Amino acid sequence: MKILCIGGDARMLYAADYLSAERLFMGNFPEPSGKFEAVALPVPLTKDGESINAPLAKTSITFNIILQYAEKNARIFAGGSCEKLEKLCRESGFELVNYFASEGFTLKNAALTAEAAASILSQNGDGALLGAKALITGYGRIARFLGKYLKTFGAEVTIAARNPAARAGAELCGYRAVDISEIGGNFDYCANTVPAHILPEDFFGSIGAYMELATLDGAREKLLCGENGAKYIAAGGLPGKYFPKTAGKFIAEEINRLIDYR
């Protein structure tokens, strides 16, 4: 299958290599020619809902570029979805396949995020992870992997979650678990995986470092960290920043799986 990769960060460079695909606006590569049976778009797909996420491109890349290169009935593999892309595919007869919706791929991506997060935390405190007190808010995929990594390094891990089933699951894995409203005590590290402002202001005086892993504006938390002497760590897009080769391989493997599955 002839595939064109459009946009993305270093992950898509590696994904293109694994897929033996051509690249568009990935740097100083020549523009491709002809039409393609499949187009691979990055993860995250877009940051504004109007254009393809393309931090390596010299100019903005709109979704309409797909019309120039995609064959009739082409398959569009995207690391997410948005109204603009869905409408374009619907009106043009393209098959839109959201590979980010795959549970297997999402788990792999979460594992990479957690590994990078653990490494970053180990370098942003006055002491080692061994014996450190770490709080993780939420108990989704990233939190579960991160808890395992931190526990392996000898940290005392507390999980804060609203869902009683999540807390029970955390306790069965050997963690201390509390409701978010019951968070108390001092922590060397706090890693937030909940896309909401859930922590009270006075909490930030009891932590050494705060890591924002959720997809939200962390301006409030950054300000509160500064006011209370805690280190603020913005940690978005970690797989692409720390493990682009492995992350790109996972993207390519998932796209190949979806191609073979058809």
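Begin by selecting Ala-78 in strand E6 and Asn-98 in strand E7 of this predicted model, since these two residues are bridge partners. Widen the selection to the whole of E6, residues 70-78, and of E7, residues 95-98, and you will have two strands that run parallel and are joined by four bridges. To follow the connection between them, add helix H3, residues 83-92, through which the chain crosses from E6 to E7 in a right-handed β-α-β crossover.

Next, select strand E3, residues 36-40, which also runs parallel to E6 and is joined to E6 by four bridges. Within this pairing, Ala-38 has Arg-75 of E6 as its bridge partner.

Return now to H3, which gives the most to the lining of the second largest pocket, with six residues. This pocket holds about 160 Å³ of space, and to display its lining you can select Glu-50, Thr-62, Phe-63, Asn-64, Glu-83, Lys-84, Lys-87, Leu-88, Arg-90 and Glu-91. By residue class, that lining divides into six charged, two polar and two nonpolar residues.

The last stop is the largest pocket, in which about 1000 Å³ of space lies. Centre the view on Phe-100, Ile-142, Leu-213, Thr-215 and Gly-237, which are the closest to the pocket centre of the 42 residues that line it. Then show helix H4 (103-122), helix H5 (141-152), strand E13 (231-234) and helix H8 (238-242), the elements that each give two or more residues to this lining. If you colour the lining of the largest pocket by residue class, you will find 20 nonpolar, 15 polar and seven charged residues.

Definitions and conventions
Residues are numbered from 1 along each chain as its sequence is written. This is a predicted model: local features need pLDDT of at least 70, side-chain atom pairs count only at pLDDT 80 or more; totals for chains, interfaces and linings use all residues. Side-chain values use heavy atoms; hydrogens and water are left out. Two strands pair if DSSP finds at least two bridges between them. A crossover is right-handed if, with the strands pointing away from the viewer, the path from the first strand over the helix to the second runs clockwise. On a 1 Å grid over the protein atoms alone, a cavity is a set of points where a 1.4 Å probe fits but cannot get out, and a pocket is an open set with protein on both sides within 12 Å along at least five of seven lines; lining residues have an atom within 4 Å of a point. Grid points are joined across faces, edges and corners, and a volume is the space filled by probe spheres set on the points. Ala, Val, Leu, Ile, Met, Phe, Trp, Tyr, Cys and Pro count as nonpolar, Asp, Glu, Lys and Arg as charged, and the others, Gly among them, as polar.
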